[in-house]
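Open the model in your viewer and keep the selection tool ready, since this tour moves from one selection to the next and says what can be found at each stop.

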Amino acid sequence: MVIISTLFPLLCFLPVEGMGPSFYLYLLVLLSLICIACRFRPAGKGFLQRIVEHWPLHLAMAGMLGAVLANQLVSGHAARYELPLQLACFPLVLWGLLFGTFQQLKQVQWGMAASVLLCTVALYAETAALALRPEAVALGLRPDFVLGMPLVPFTNMTVMMGGLVLFSIGWNSRRDKLEIALKLLTGAVAVYASYLSLTRSSWAAYPLFIIIALLVFRTMQLRVKLAILAMTAGLFLGTYLISDTVKTRIRLAQTDIELFVNAKEKNTSLGQRFQLWQASWEVFKEHPVVGTGREHYRAAAQELAKRQIITPLAASQPHMHSDLLFHMATLGLFGLAAILSLYLVPAYYFFKEIHHSDRETRTIAGMGGTLALGFFVFGLGDTMFYWRVSYVFYTVLLAILFAGMVRRKESLAAANGGSVSIAQAA
C-alpha cells in the first residue's frame with residue numbers, strides 16, 4: 001500500500017489501458033479489507049477505533065453519497081453512486097495507509113514531482129504550438145483533453161502537485177541542497193504548465209499557496225519572507241509584461257465581461273459561465289432541498305433555454321463551471337452542505353496543526369490544507385467534482401497526507417513516552 005501511495009500521483013496520470021485512477025483507489029480499498037479481515041492493527045489501533053477518532057472527517061467524505069441518496073429518495077429518480085462512493089471509501093483508504101510510517105508516506109513528494117514533469121511534457125506536446133501564439137489564444141484554440149483527461153482539472157491538479165512539492169521543502173534541512181533545487185525546479189515547471197494551458201482557474205491558486213506558506217514557515221525571518229514575496233510578485237509581473245499570450249488571455253476576460261454586461265454577446269467563454277451561474281440559481285430556487293439530480297441537470301438547463309433565461313449554447317454545457325453552484329442545483333441544500341464539508345472539514349483538521357511546534361508536522365498540515373482549500377478555489381471557476389479523476393485524486397491524496405500527519409504525531413507521542421490523538425494536537 002505504501003508503494004501505491006508513493007507512486008499514486010504518477011499512476012493517476014499515466015495512460016495505462018484498463019488501469020485508470022479508479023483502479024488504484026479500489027486496489028487500496030481491497031488491500032484494506034483484506035487487512036481488516038486478517039485483524040491487522042496499524043500502530044496498534046483497529047479500524048473501528050480509527051473511525052471513532054476522526055468521525056467528522058469520515059462523515060464529511062461520505063456527505064456527497066448521502067446527498068445523492070436523499071435526491072433519489074425524494075425524487076424517485078435513478079441515480080449513479082460510483083463517484084460519491086469513491087469519496088466515501090476514504091476511511092478504508094486512510095486505514096490502509098496508516099500501516100506506513102511517516103518517512104514512507106512522505107515519499108509521495110517524489111511521485112508528485114515526477115507527475116508534474118510528465119503532465120508538463122504532455123501539455124507541451126499538446127499546446128505549445130498554440131499557446132505561444134496570441135492569435136490562437138484569442139480564437140480559443142486549446143485541446144479539450146490531455147492524457148485522456150479534461151484540460152482544466154488536468155492543469156489544476158498539475159499546479160496543485162507543484163505547489164505541494166514546494167511545500168515539502170519544509171521537510172528538508174539546509175544541507176539537502178540538491179533536493180531543494182529539484183523541488184524549486186518542480187514548482188517552476190508547474191507554473192510553466194499553467195502558462196501553457198492558459199487555464200485561469202489555476203492562476204487563482206497562487207495567492208492561496210503564498211498565504212499558507214507564510215503560515216507554515218513561520219520561523220522564517222521577516223526579511224526572507226518579504227524577499228520571497230517580492231520575487232514572486234516580480235515573476236508574475238514580468239511574465240505579464242513580456243508575454244503577449246498572457247496579456248491576450250487577460251484582455252479576453254475583460255472583453256467577455258464587457259460584452260456580457262452590455263448585452264451584446266452572451267456566448268463568450270465567460271459569458272457562458274455567467275449564464276450557467278444564473279441558471280444554477282434558478283434551478284436551485286425551483287428544487288431547493290434535493291435538487292434536480294445530476295442525471296437531470298441537462299434537461300433542466302434545456303428548459304431554461306426554452307424560457308430564454310440562458311442561450312441554447314450555454315444550455316448545452318455539461319456542467320456549470322462552479323462546484324458550489326453545480327451541487328446546489330443538482331443536489332440542493334444537501335449538495336451544498338456536502339461540497340462545503342468536503343473542503344472545510346479536512347481543512348479544519350489540517351489547519352489545527354499549522355502552528356505545531358514540530359516543523360515536519362506543520363509542513364504536512366500546510367500541504368493538506370492547501371489540497372483542501374486549493375480544490376475549493378479551483379471549484380469557484382470550474383466543476384472539479386464533475387470528473388472522475390478529481391474524485392480519485394482528492395480522496396487518495398488527502399488520505400496520504402492525513403495518514404502522514406497522524407503517523408508523525410503518533411511517532412512524536414511515542415518518543416515522548418505517551419500517546420495522543422490527532423484531535424488533541426498541541
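## First stop: α5 and α20

Begin by selecting G63, M64, A67, V68, A70 and N71 in α5, and then add the residues they meet in α20, which are H327, T330, L331, F334, G335, A338, I339 and L342. Sorted by class, the residues of this contact between α5 and α20 comprise nine nonpolar, five polar and no charged ones. As you look at these residues, keep in mind that this is a predicted model.

Now widen the selection to the whole of both helices, residues 63-75 for α5 and residues 323-351 for α20, whose axes lie 8 Å apart and make an angle of about 160°. An angle over 145 degrees counts as roughly antiparallel, and α5 and α20 are therefore described as roughly antiparallel to each other. If you turn the view so that one helix lies in front of the other, the crossing of α5 and α20 is a right-handed one.

## Stepping back: the whole protein

Before going further, show the complete chain, in which there are 22 helices and two strands. The protein has 426 residues, and 52% of them count as buried. If you switch on a surface display, the accessible surface comes to about 18600 Å², and 66% of that area belongs to carbon and sulfur atoms. It is also worth asking how far apart in sequence the contacting residues are: among contacts between residues at least 6 apart in sequence, 75% join residues that are at least 24 apart.

## Second stop: α7 and α22

Next, select residues 90-97, which form helix α7, together with residues 388-415, which form helix α22; their axes are 9 Å apart and the packing angle is about 40°. The two helices α7 and α22 are therefore oblique to each other, and the crossing in which α7 passes α22 is right-handed. The contact itself contains 10 nonpolar residues, one polar residue and no charged residues.

To see which residues take part, show the side chains of F90, V93, L94 and L97 on the α7 side, and on the α22 side those of T395, V396, L398, A399, I400, F402 and A403.

Stay for a moment with A403, which has its place in helix α22. Is A403 buried or exposed? Its relative accessibility is 0%, and A403 therefore counts as buried. When residues up to four places away in sequence are not counted, A403 touches L94, L97, L98 and L105. You can also label the C-alpha atoms of A403 and K106, which are 9.7 Å apart in space although 297 residues separate them in sequence.

## Third stop: residues in loops

From α7, move along the chain to F99, which is found in the loop between α7 and α8. With a relative accessibility of 30%, F99 counts as partly exposed. Beyond its neighbours within four places in sequence, F99 is in contact with M1, C35, F40, R41 and P42. Selecting S32 as well gives a pair with F99 that is 67 residues apart in sequence, with a C-alpha to C-alpha distance of 9.7 Å.

R39 can be selected next, in the loop between α2 and α3. At 74% relative accessibility R39 counts as exposed, and its phi is positive, about 60°, although R39 is not a glycine. A further residue to select is L147, in the loop between β1 and β2, where phi is near 55°, again a positive value in a residue other than glycine. L147 counts as partly exposed, at 28% relative accessibility.

The loop between α21 and α22 holds M384, which counts as buried, with a relative accessibility of 0%. Leaving out residues up to four places away in sequence, select what M384 touches, namely P153, N156, M157, D323, F375, F378, G379 and S390.

## Last stop: T120 in α9

Finish inside helix α9, residues 108-131, by selecting T120. The cut-off for a buried residue is a relative accessible area under 20%, and T120, with 6%, is therefore buried. Which residues is T120 in contact with, leaving aside its neighbours within four places in sequence? They are T158, V189, Y192, A193 and L196, and showing their side chains together with that of T120 completes the tour.

Definitions and conventions. Residues are numbered from 1 along each chain as its sequence is written. This is a predicted model: local features need pLDDT of at least 70, side-chain atom pairs count only at pLDDT 80 or more; totals for chains, interfaces and linings use all residues. Side-chain values use heavy atoms; hydrogens and water are left out. Helices (H or I, at least four residues) and strands (E, at least two) are DSSP runs, numbered from the N terminus. Buried means under 20% relative accessible area, exposed over 50%, partly exposed in between (1.4 Å probe, protein chains only). Contact means heavy atoms within 4.5 Å. Accessible areas come from the Shrake-Rupley method with a 1.4 Å probe; for residues, only the protein chains shown count as cover. Axes are lines fitted to C-alpha atoms, for helices over the stretch in contact, and angles run from 0 to 180 degrees between N-to-C directions. Angles under 35 degrees count as roughly parallel, over 145 as roughly antiparallel, 65 to 115 as roughly perpendicular and the rest as oblique. A crossing is left-handed if the near helix is turned anticlockwise from the far one by less than a right angle, and right-handed if clockwise. Ala, Val, Leu, Ile, Met, Phe, Trp, Tyr, Cys and Pro count as nonpolar, Asp, Glu, Lys and Arg as charged, and the others, Gly among them, as polar.
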